[in-house]
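Me: Could you take a close look at one part of this model for me, the salt bridges around a single arginine, and then set that part in its surroundings? Keep it informal.

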Amino acid sequence: MSLPNAITIFRIIIAPIICVLISYELSIYACVCFIAACTSDFFDGYTARLYKLSSKFGQHFDSFADKFLITSISIALVQNQIVRGVNVVPIYVIVSRNLAMYFIRNYVNEVKHKNIIVNSFGKFTTFAQMVSISLLIVGFAQIGNYILWFSMISSLYSFGIYFYSI
């Protein structure tokens, strides 16, 4: 078990904990854990590149961990009515896009033996989602929802870029 893979597993394990913290309205703790998970996304990739520790496991599960983190926390925000009304639309779109992207990436990788490379726009989209979710967790609903809508549009554009590259 390499350090980057351990960091990836950390993101998968902490996601349900963050959801519980949100459910119990422990928003500061939830936000701190979420930011730690988001920061770990940078460090697992950085560590893997720095020490040349990339692996098949890491390639598959890093993407899964990112999507699992964003999806589970997004669902918790809707379930606990932190995001409600028309503002649930970006959550549904982002979750759908993330699931579709995960399956498309794995299909292309396994069947066509082609690796879909994450581009800088995709990274920016993930960053925008993480910022909006952080703001929503701590109660900055107005700015969090604006960034959420922006990240939905960015997410759809990013999906188009990936889909076109297949």
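Reply: Let's start with R11 and D66, whose side chains meet in a salt bridge at 3.1 Å, N to O. R11 sits in helix α1 and D66 in helix α3, so this pair ties together parts of the chain that are 55 residues apart in sequence. R11 is buried, and D66 is buried too. Bear in mind that this is a predicted model.

The pair doesn't stand alone: salt bridges with shared partners join R11, D41, D44, D62 and D66 into one network. Another link in that network runs from R11 to D44, again a salt bridge, at 3.0 Å from N to O. Here R11 in helix α1 is paired with D44 in helix α2, so parts 33 residues apart in sequence are tied together. R11 and D44 are both buried. Then there's D41, which meets R11 in a salt bridge at 3.6 Å, N to O. That one also links distant parts of the chain, with D41 in helix α2 and R11 in helix α1, 30 residues apart.

How buried are these two partners? R11 has a relative accessible area of 0%, so it counts as buried. D41 comes out at 19%, and it counts as buried because the cut-off is under 20%. A search of the whole structure turns up four salt bridges.

Now for the surroundings. The chain has six helices and zero strands, so you read α-α-α-α-α-α along the sequence. Of its 166 residues, 46% are buried. Take the contacts between residues at least 6 apart in sequence: 78% of them join residues at least 24 apart. The radius of gyration is 16 Å, which agrees with the value near 15 Å for a compact globule of 166 residues. Along the principal axes, the C-alpha trace spans about 40 × 35 × 20 Å.

Helix α5 is a good place to see how the helices pack. It covers residues 120-137, 18 residues in total, and reaches 26 Å from first C-alpha to last, close to the 26 Å expected. Its buried residues, among them A128, M130, I133, L136 and I137, pack against α1, α2, α3, α4 and α6. After α5 comes G139, with a positive phi near 100°.

From the α3 side, L77 shows one such meeting point. L77 lies in helix α3 and is buried, with a relative accessible area of 0%. Leaving aside neighbours within four places in sequence, L77 is in contact with I22, I82, V83, I133, L136 and I137. The C-alpha atoms of L77 and L136 are 7.9 Å apart, although 59 residues separate them along the chain.

N109 gives you a polar counterpart to look at: it lies in helix α4 and is buried at 12% relative accessible area. Not counting residues up to four places away, N109 touches K56, H60, K114 and N115.

Finally, come back to helix α2, where Y46 is found (residues 27-50). Y46 is partly exposed, at 40% relative accessibility. It belongs to a nonpolar surface patch with F42, F43, L50, Y51 and L53, and together they have about 620 Å² of accessible area. For the whole chain, the exposed area is about 9100 Å², with carbon and sulfur atoms supplying 71% of it.

Notes. Residues are numbered from 1 along each chain as its sequence is written. This is a predicted model: local features need pLDDT of at least 70, side-chain atom pairs count only at pLDDT 80 or more; totals for chains, interfaces and linings use all residues. Side-chain values use heavy atoms; hydrogens and water are left out. Patches are made of residues with over 30% relative accessible area and no salt bridge: like charges are joined within 9 Å, nonpolar side chains (Val, Leu, Ile, Met, Phe, Trp, Tyr) within 5 Å. Accessible areas come from the Shrake-Rupley method with a 1.4 Å probe; for residues, only the protein chains shown count as cover. Helices (H or I, at least four residues) and strands (E, at least two) are DSSP runs, numbered from the N terminus. Buried means under 20% relative accessible area, exposed over 50%, partly exposed in between (1.4 Å probe, protein chains only). The radius of gyration is taken over C-alpha atoms; the globule rule is 2.2 Å times the number of residues to the power 0.38. Contact means heavy atoms within 4.5 Å. The expected span of a helix is 1.5 Å times one less than its number of residues.
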